[in-house]
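Trainee: Could you take one helix of this model and go through it slowly, together with what surrounds it? I would like to follow the reasoning from the residues outward.

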Amino acid sequence: MQIELKDLILVPVDFTETSENAIMHAAKLAATMQYSVHLFHVINRESQRELRKKDEDRGDLTEKLMALGEKYIAPENVAFEVSTHEGSIYSEIEEALISEGAKLMVMGTHGKKGLQFIFGSDALKVVTKSPVPVIVVQDRDFDEGYNRIVFPVNDFTENRQQVQWAVHIAKIFDSEILVFVQKEADSGMETKMSIVTQQIAESFDEEKINYRIFESEKVSNYTEQLLEFAAEERADLITIMTDSDAYSPDFPIAGWDEKLMFNPMQIPVLCINPKELNQVYFRYVGIL
């Protein structure tokens with residue numbers, strides 16, 4: 001099906017049930033957001049061996065992708081296209097996102113172990129180096145959309161894109177945003193968190209977004225508290241910044257990313273990377 005590449009959602013497909021769930025998420029999102037979908041399969045060395053074993057070729061894979069599009073995307077009245085590419089999964093996905101002007105990627109994973117198996121040693125790079133936001137989904141259904149969004153506020157640098165995307169999704173689904181603030185023992189950091197939270201609240205007020213603000217009960221184990229909170233509130237989505245070059249004394253960014261992306265509650269996670277690291281939104285007092 002021929003489509004315009006504007007407002008495109010890219011979905012990497014490995015023909016597992018989890019990647020089919022990612023297609024379903026993308027189809028529902030595209031229908032709501034008026035986007036189109038591109039189902040994208042990369043043939044690497046491992047998959048080439050599988051093709052030889054099954055006596056299949058790229059044409060067979062294209063037919064399978066088309067069948068998935070007709071099954072999940074066409075019923076939503078969403079335009080889609082499919083393609084197969086040979087090479088490195090990481091580099092091919094990144095190149096496609098850039099060359100086709102994708103606005104969003106939806107990627108399925110079985111959890112950390114599954115993602116490493118599917119995408120190889122560069123698994124986290126697929127997400128943390130993506131030029132567009134990535135929604136990581138596991139086996140959890142889309143249901144009625146992303147109606148309850150958890151927005152973490154901690155001692156990582158926050159960036160404008162996290163607020164912009166939270167607002168964007170919230171307006172589409174008429175969502176409630178649950179701001180979850182890291183508790184700080186240091187008075188200086190506590191002041192910083194208070195200012196950051198106030199700025200975020202002002203942004204949501206300006207956009208007329210429904211939100212509530214919560215603070216973690218303890219200073220330590222913020223990630224675990226965040227996930228418990230998200231589960232208790234029956235969150236449909238968690239938004240995080242995933243700058244792989246950033247570092248916090250309490251949370252190395254890779255560990256933070258992994259724990260949230262592969263959370264056992266299988267809550268979808270919207271991973272947003274700063275496009276320009278020098279354009280910091282909430283790093284210093286007074287910048288908004």
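Mentor: In helix α8, the buried residues are Met193, Val196, Thr197, Gln199, Ile200, Ala201, Ser203 and Phe204, and, in this predicted model, these buried residues pack against the strands β6 (148-153), β7 and β8 (210-215) and against helix α7. Helix α8 itself covers residues 187-206, and because each of its 20 residues should contribute 1.5 Å, a span of 28 Å is expected, which agrees with the 29 Å that separates its end C-alpha atoms.

Both ends of α8 deserve a look. At its start, a side-chain oxygen of Asp186 comes to within 3.0 Å of the backbone nitrogen of Gly188. Just after the helix, Lys208 adopts a positive phi of about 60°. Such a value stands out, because most residues other than glycine have a negative phi.

From α8 we can move on to α7, one of the elements against which its buried residues pack. Helix α7 (residues 160-173) also meets helix α1 (residues 17-33), the two axes coming within 10 Å and crossing at roughly 80°. Since angles from 65 to 115 degrees count as roughly perpendicular, α1 and α7 are therefore roughly perpendicular to each other. On the α1 side the contact is made by Leu29, Thr32 and Met33, while α7 contributes Trp165, His168, Ile169, Ile172 and Phe173. Sorted by character, the residues of this contact comprise six nonpolar and two polar ones, with no charged residue.

The loops that follow these two helices each hold a residue with a positive phi. In the loop between α7 and β7 (176-181) lies Asp174, a residue other than glycine whose phi is nevertheless near 55°. Asp174 counts as exposed, because its relative accessibility is 70% and the cut-off for exposed is over 50%. Gln34, in turn, is placed in the loop between α1 and β2 (36-43), and its phi is near 60°, again a positive value in a residue other than glycine. Gln34 has a relative accessible area of 70% and is therefore exposed as well.

For a contrast in exposure, consider Thr223, which is found in helix α9 (residues 222-232). With a relative accessible area of 2%, Thr223 is buried, since buried means under 20%. Thr223 and Lys259 are 36 residues apart in sequence, yet their C-alpha atoms are 7.5 Å apart in space.

Technical notes: Residues numbered from 1 in each chain as written. Heavy atoms only, no water. Axes fitted to C-alpha atoms, helices over the stretch in contact; angles between N-to-C directions. Helix = DSSP H or I, 4+ residues; strand = E, 2+ residues; numbered from the N terminus. Parallel < 35°, antiparallel > 145°, perpendicular 65-115°, else oblique. Contact = heavy atoms within 4.5 Å. Nonpolar A, V, L, I, M, F, W, Y, C, P; charged D, E, K, R; others polar. Buried < 20%, exposed > 50% of the residue type's maximum accessible area, 1.4 Å probe, protein only. Expected span 1.5 Å × (residues − 1). Polar contact = N/O pair within 3.5 Å; in protein donor to acceptor, adjacent residues only side chain to side chain.
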